[in-house]
Amino acid sequence: MSDVFISYARSTAKQAQQVAEALRGLDYSVWIDDDLPAHRTYSRVIEDEMTAAKAAVVIWSADAVQSEWVLSEANRAREDRKLVQVTTDTARLPMPFNTIQCADLSDWTGNLAAPGWRKVVASIADLVGGAAPSPPKRQAAAPVAAKPLEPLLAVLAFDNLSGDADMAYFSDGVSEEIRETVARGADLKVIGRASSFHFRGQEKAAANIAAQLGATHILDGSVRRSGQRVRISTDLVQCANATTLWSERFDRELTDIFALQDEIAAAVAAALKTAFAPAPAVGPIDPAAYDLYLRARNLGFGAELDVRPRIAALEQVTAAAPGLAAAWGLLAVSRALRLRSRRRGPAYDAMRAEVVEPAETALRLDPGCGVAYTALARLQPWASLAEREALLGKALAAAPNEPDAHIAMAELCYTLGRFRETAAHAGQAAAIDPLHVQAAFWAASSLGEYEDEDFTEITHERFISFRARWPQERALGIAEAWVQAFLGRWDLFDASIASMRRAEPFSSAYEQRFEYFNSMRDPGPATQAAVLDRLNEDLARTGTVQIWDLFAAYAVGLEDEMYAVIDRASFAHLFDRDGPPPSGTGQTGAMLMLHPRFHMPTDPRLMRLCAKMGLCDYWAATDRWPDCVDKVPYDFRAEARRLAGA
């Protein structure tokens, strides 16, 4: 019999094997269900092993919470007082397990010094007997799934062999096009670009990719371009033993590039024995148009000055290659971003048509072009919540493995107060693209609804790891400061601010946000007066107020004053498709949280703000309610329906 019994859902088989190997590396005997003997009854073996084990590690996940086997094993371990809990995602633990300590291994890659893993080892040492082993008696194996249930492919950035550093955009672009073509297979999971393109040079080792991304296979290669000809060499490698399953070299004219991408994708799918859905036929493409298309992909989103050159390039591409659906979809979403960031210019209807036309063209050429639906969703006014949700739903249906669509839906669900769905979509995005910063951001932001006593420390640890990975992403620092202020953990708040200040100076906008957060620390008369003055000044100047300021007023004890301002303020701009882009409206999600520190939803007056912002209309029309709906001391549904249409 074994020291440690491991319980898990099938979707976390890789993590379970990783935990098992790490514990064996500490000389514990471990039982996991791949050790089942062929001649014994399954349930009897489980019963005997659970009874004999001194510690039972339960690996919680969204699937584990729904598993009768895991729930039964966890309950047995709890009753026997030998339960050790870990979590691999943001799924909320069921009762009564949410009242028991749970170590966070969601970002664990096998590091034996990680805080979450140290908690696990210390608990097992207490249960099995003896001190926690330190250092380990042998190094744990690399975290590669011994028996993967399905292939998980990482398409890496192919090496540029063209002899010209400026051609890197071309090799990266071709790699991304191949990745997207392979990802169209309904049965094949492909890791997103933000993660797979992170690894270059010596970092491309199969063991490293498996450890960092959990990939079972990698597709790597090289691109050499000479004039209008291109040579692509590809290798499909199985990570577990670094075995090359398939290797090929292709020499083609650039006019045949899309046929070549289909050919490579089909070969990969055949080698992995998965389904492959060919991309819509594009036909021969002008090499100059394809070159310009790849350059346009590399031009970043964001401010209008960044979007305009991309739009100009894509307009040339679609004129020269009108059958290229991806270019039309990219043009639509780029124009939508320009429209959302504008302050003046042509009439809205004309600019709106400039988004709708390429989006509809993209969908006509390729119904699976999910980015086109995302572009159409961006056209909607903020308060057109049902319309935005329907379009994002179509984007996910068309491209279920597109992380950006999941991230957009996570943001909308957060706004609507559906935090479990926020966590689920952010988790999906992170599963597809583990190093995608926005997936990490929304996964962390949704944690504010949870009331676990370890929440503050776990959240702080997560944000530290996020910011170490993405030091240039200030939004992560803002998110951590917000969460720690929300929870009243001012020691962690100060540590976060100090860390960010050491990196680089703050802009006035960031200073203003931190001023809001700081207002929650010392809600004295001076602070209250400053917050109220800011609210009234904005109201007098604009006729409306920022959600950030409303939350600050509530946090410093100005509840009655806040609701008086809400009654006087207009939020009509949220319904106006030609109005200025809203600011701070995502914080409606924070207002709908039920956390021990703040209880805004418990006051029915909050519903007056929800009505003014169109939330009551949405809830009443869709019958899709925020997570707090059954936890407040009044009939939330009846109040929302009463105010709908007001």
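Is Cys102 buried or exposed, and what is its relative accessible area? Cys102 is buried, with a relative accessible area of 5%. The legends below describe close-up views of this predicted model.

**View 1. Cysteines Cys102 and Cys369 in the predicted model****.** Cys102 has a relative accessible area of 5%, which falls under the 20% limit, and is therefore classed as buried. Cys369 is likewise buried, at 8% relative accessible area. A search covering the whole structure returns zero disulfides.

**View 2. Surroundings of Asp220 in strand β9****.** Strand β9 spans residues 217-226 and contains Asp220. Because its relative accessible area is 16%, under the 20% limit, Asp220 counts as buried. The side chain of Asp220 makes a polar contact of 2.9 Å with the side chain of Lys204. When neighbours within four places in sequence are set aside, the residues in contact with Asp220 are Leu156, Ala157, Phe158, Lys204, Ser233, Thr234 and Asp235. Lys204 thus appears both in this contact list and as the partner in the polar contact.

**View 3. The largest nonpolar core and the residues that touch the most other members****.** This core comprises 144 residues, of which Phe170, Leu219, Tyr290, Phe517, Leu550 and Trp619 touch the most other members. Helix α12 (residues 325-341) supplies the largest share of the core, with nine residues. A second core, separate from this one, holds 28 residues, including Ala22, Leu26, Ile32 and Val84.

**View 4. Contacts of Leu550****.** Leu550 is one of the residues of the largest nonpolar core that touch the most other members. With residues up to four places away in sequence not counted, Leu550 touches Leu535, Val545, Met562, Val565, Ile566, Phe571, Met591 and Leu609.

**View 5. Arg81, a residue with positive phi in a loop****.** Arg81 is not a glycine, yet its phi is positive, near 55°. The loop that holds Arg81 runs between α4 (68-79) and β4 (83-87). At a relative accessible area of 73%, which is over 50%, Arg81 is classed as exposed.

**View 6. Asp623, a residue with positive phi in the loop between α28 and α29****.** Asp623 has a phi of about 60°, a positive value in a residue that is not a glycine. The flanking helices of its loop are α28 (615-622) and α29 (636-643). The relative accessible area of Asp623 is 49%, so this residue is partly exposed.

Technical notes: Residues are numbered from 1 along each chain as its sequence is written. This is a predicted model: local features need pLDDT of at least 70, side-chain atom pairs count only at pLDDT 80 or more; totals for chains, interfaces and linings use all residues. Side-chain values use heavy atoms; hydrogens and water are left out. Helices (H or I, at least four residues) and strands (E, at least two) are DSSP runs, numbered from the N terminus. Buried means under 20% relative accessible area, exposed over 50%, partly exposed in between (1.4 Å probe, protein chains only). A polar contact is a pair of N or O atoms within 3.5 Å; within protein, one must be able to donate a hydrogen and the other to accept it, and residues adjacent in sequence count only if both atoms are side-chain atoms. Contact means heavy atoms within 4.5 Å. A disulfide is a pair of cysteine sulfur atoms within 2.5 Å. A nonpolar core is a set of buried Ala, Val, Leu, Ile, Met, Phe, Trp, Tyr and Cys residues joined through side-chain atoms within 4.5 Å.
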